[in-house]
Each structure stands twice: as C-alpha cells, then as structure tokens.
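Visitor: Please take one part of this model and go through it closely. I would like the cut-offs stated along the way.

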Amino acid sequence: MRKTGSLLYLTVAASFWRVLVILAGMAVVQLGVAAAMPRFLPQIYGAPYVFSHWAFRLPAAAALILVMYTLMRSHGSRPAQTGYTMLRLPVAPGQVFLSYLVYAVAVLLLCWFAQLAVVVAAVRLLAALYPAFDWGEQLLFLTSVQSGYVHALLPLLDGWSWANTTMIYVGLGFITAVGMVRSWQGKLLVWSFIFPLALSITPLELRSHSWSTVMAVLLVVGCCVEGGLLVLNLRKGVGE
C-alpha cells in the first residue's frame with residue numbers, strides 16, 4: 001500500500017498543478033465569453049442563452065480534453081523507458097491501475113464541480129453587468145431549468161440527468177486511467193477525446209435525455225472494451 005501510494009504521489013505531483021492551471025484558464029475564458037457575449041450578440045437576452053451558446057461550452061470541452069491528455073502523459077514522453085521502469089516496480093499492475101482510477105475519477109469530478117463553479121460566478125457576473133439578466137435569488141435555479149448545459153451540471157430534481165452526468169464523468173475517469181497505463185506503451189487513446197467534444201458542440205435539449213444517454217452508453221461500452229484490452233495487456237506484460 002505504501003509503495004502504491006508513493007507511485008500515486010509522484011503522479012499527482014507531476015500532473016495536478018497542471019490540472020489546476022487548465023481549470024483556471026477555462027474559468028477565465030468562460031467568464032470573459034459570458035461578459036462579452038451580450039454586447040456582441042444583442043439577440044441574447046438572458047443568462048440561459050449565454051450558457052447554451054457553443055462559444056461558452058467549447059472552452060469547457062477543451063479543458064476536459066487537456067486534463068485527460070495531461071493525466072495520460074503524466075509519466076513523461078519516453079514510453080519505452082517508462083514501461084520498463086513501471087514493470088520493475090514492486091507493485092502489481094492491477095494495484096497501479098486502481099490507484100490511477102481513483103485519482104483520474106477524482107480529477108474528472110473536480111472538472112465537473114469547476115464548471116459548475118464557473119456557472120455560478122458567471123450568473124453573478126451577468127446579473128451585475130446586465131441588470132436585465134438579474135432574475136433575483138432564484139437566477140441559478142431558473143437558469144438550470146432553461147439551459148441544457150447548466151442542467152447537465154446541476155440537474156436539480158432530475159434523477160436521470162444526475163445518473164447520466166455522473167456516469168459520463170466517472171466513465172471519462174476510467175478511460176483516462178486506462179490511458180495512463182497504456183501510455184507505458186506510448187499509446188494515446190485519442191478516441192476518448194471525442195466524448196467531451198461531442199457533448200460540447202451538440203446542444204443538450206431540456207426534458208430530453210436521448211443524447212446524453214446515448215453518450216453515456218457509448219462511453220460505458222468503450223470502458224468495457226478498453227478495460228478488456230487492458231486486462232489482456234496486463235496478463236501479457238504491459239511493456240511487451
């Protein structure tokens with residue numbers, strides 16, 4: 001346990017500060033977009049329309065992709081040397097993967113909460129800059145029921161959306177953990193980056209769970225496939 005913890009500490013030390021920088025950059029860009037959008041797009045007459053616009057959603061997708069890439073490349077850019085070193089560690093590969101899984105899922109859930117924190121800050125910013133956008137103390141909750149993007153982050157009493165969003169972020173964490181192990185071979189799971197991008201560029205319709213459900217199911221299938229391939233690789237020896 002101590003050896004696994006030491007390895008996880010090295011991974012966290014190499015990547016977590018980069019994750020924080022990425023999320024800070026996402027927050028700055030999204031707040032800037034939220035503040036500027038009503039000035040350049042007069043047809044936007046409420047906070048829900050700001051949050052539903054692709055220009056606000058795209059920085060979040062870019063941040064998720066960068067975070068996943070950062071974690072997958074947290075061991076550096078020399079896969080052959082990294083794979084050899086990992087196989088010589090007195091830690092079972094399965095234990096290494098489980099530690100990566102806990103870390104990756106925690107980081108992806110942090111991304112979820114960071115996006116929600118940006119929305120809360122943007123709501124207050126819009127209310128301060130544009131009095132017409134100030135709908136009182138219930139602005140955040142009213143925005144959640146009128147913006148598909150915000151509703152996915154804060155589903156309120158929508159249990160299905162809570163399940164979908166949680167499944168998606170946990171699934172992204174699982175794929176990232178698999179990618180962290182596969183990076184020992186110099187492989188990058190590029191296809192996994194499709195999910196954040198697809199969720200961002202496609203408007204999420206309120207009272208319709210079809211798209212998010214499809215993405216969640218596809219992500220689960222991808223996790224099963226990559227998990228099976230990982231098990232085969234671990235049985236053969238990841239470095240081979």
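Guide: What follows is a look at helix α10, with Glu226 first and a surface patch after that.

The model is predicted, and local features need pLDDT of at least 70, side-chain atom pairs count only at pLDDT 80 or more, while totals for chains, interfaces and linings use all residues. Residues are numbered from 1 along each chain as its sequence is written, and side-chain values use heavy atoms, with hydrogens and water left out.

Glu226 lies in helix α10; helices are DSSP runs (H or I, at least four residues) numbered from the N terminus. Glu226 counts as buried because its relative accessibility is 8%, where buried means under 20% relative accessible area, exposed over 50% and partly exposed in between (1.4 Å probe, protein chains only). Leaving aside residues up to four places away in sequence, Glu226 touches Ile175, Val178, Arg182, Leu189 and Trp191, a contact being heavy atoms within 4.5 Å.

With Arg182, the side chain of Glu226 forms a salt bridge at 3.4 Å, N to O; the term requires a side-chain nitrogen of Lys or Arg within 4 Å of a carboxyl oxygen of Asp or Glu. Arg182 belongs to helix α8 (residues 159–182) and Glu226 to helix α10, so the pair ties together parts that are 44 residues apart in sequence. Both residues, Glu226 and Arg182, are buried. The structure holds one salt bridge.

Leu229 is also placed in helix α10, which spans residues 210–236. Leu229 is partly exposed because its relative accessibility is 37%.

Technical notes. Helix = DSSP H or I, 4+ residues; strand = E, 2+ residues; numbered from the N terminus.
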